[in-house]
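Reader: Please take one part of this model and look at it closely. I would like short statements that I can check against the coordinates.

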Amino acid sequence: MKIAIATDSNSGIFERQARKMGVHVVPMPFSVDGIWLYEGVQLTAPDFYKAQASGAQITTSQPSPADVTALWDKLLQDHDAVIYIPMTSGLSGSCAAASALAADYDGRVQVVDNKRISLPQYQSVLDAKRLVKQGLTAVQIKARLEEHALDASIYITCDDLKYLKKGGRITPAAAAIGTVLNIKPVLQIQGGRIDAFAKVRGSQQARERMLEALAADITGRFADMPLHIGVAYSGGPEVGQKWQKFVQSRFPRCRVHAAPLSLSIACHTGPGAVGVACFYYEK
């Protein structure tokens, strides 16, 4: 079968890179002070953080049904099937909406809910490419990716609590107290949901707590699995470079991958956030 692979820009894949990889991408829409812009098209990461710093009202939305089906229809002109890997259903309704749309395609579109976002979602795209080369059908690839959907773990800490307050993740009182006491939250994404994991004093302690949790995952529930380690960051690339170097020093036997944090998450964390993840990959 000739199978096309598509994802959304929460994977960190944008149009230029998608063409190089031989995959396809649906850009995520963002409203910036009431003006709708597409991530990686009209809205770049520097533009996003500049708008965020200026106090702009930024909200996200799921891709429109027309945008999604237009891509599928185009791909199915010269492919037998499409594998679509959107962001986790735990953070958006876009996966459920895509699954409903796919019902009209007689099995030619397989929507994968693999509970991932950012670097783990990017890895799912790479895994799908590998499985296509191995000769699996679209249905088999969907099943394989979803089989390992929960074999990923992400931890994130942010530098400024005001963005969590603005997004309703914490109360104004908690943000005020946390700022005064220099309390930094550690958030986790397990199974596609963002939840509180820990609260510690200071950024360095938050980062240490994340690495302890990651090490426990690697040696515990993910033991004996092929795993990649990745770091993500919001803001300028210097933030990511410094964080990648630090994490690499703590896991010297692994190659630590780095990528900017999805803007859908950066809406809630603001600039200066860092994350670390481990995730299953197909050998």
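Author: What follows is a close look at helix 9 and its surroundings. The model is predicted.

Start with the length. Helix 9 runs over residues 203-219, 17 residues in all. At 1.5 Å a residue it should span 24 Å, and its end C-alpha atoms lie 25 Å apart, so the two values agree.

Next, the buried side. Ala206, Met210, Leu211, Ala213, Leu214 and Asp217 are the buried residues of helix 9. They sit on the same side of helix 9, because their arc around the axis is only 160°. An α-helix has 3.6 residues a turn, so residues three or four places apart point the same way.

What covers these buried residues? The cover includes strand 8, strand 9, strand 10, strand 11 (227-233), helix 10 (237-250) and strand 13.

Take strand 10 from that list. Strand 10 spans residues 193-201 and holds Ala196. Ala196 counts as exposed, because its relative accessibility is 63% and the cut-off for exposed is over 50%. Leaving out residues up to four places away in sequence, Ala196 touches Val186, Leu187 and Gln188. Ala196 is ten residues from Ala206 in sequence, and their C-alpha atoms are 12 Å apart.

Now the cores. The largest nonpolar core has 29 residues, and Phe30, Phe48, Ile58, Ile156 and Ile189 touch the most other members. Strand 8, strand 9 and strand 13 are among the elements that give this core two or more residues. Helix 11 gives the largest share, four residues. A second, separate core has 21 residues, including Ala198, Val200, Val231 and Val276.

Conventions:
Residues numbered from 1 in each chain as written. Predicted model: local features only at pLDDT ≥ 70, side-chain atom pairs only at ≥ 80, totals over all residues. Heavy atoms only, no water. Buried < 20%, exposed > 50% of the residue type's maximum accessible area, 1.4 Å probe, protein only. Contact = heavy atoms within 4.5 Å. Core = buried A, V, L, I, M, F, W, Y, C linked by side-chain atoms within 4.5 Å. Expected span 1.5 Å × (residues − 1). Arc of directions from axis to C-beta.
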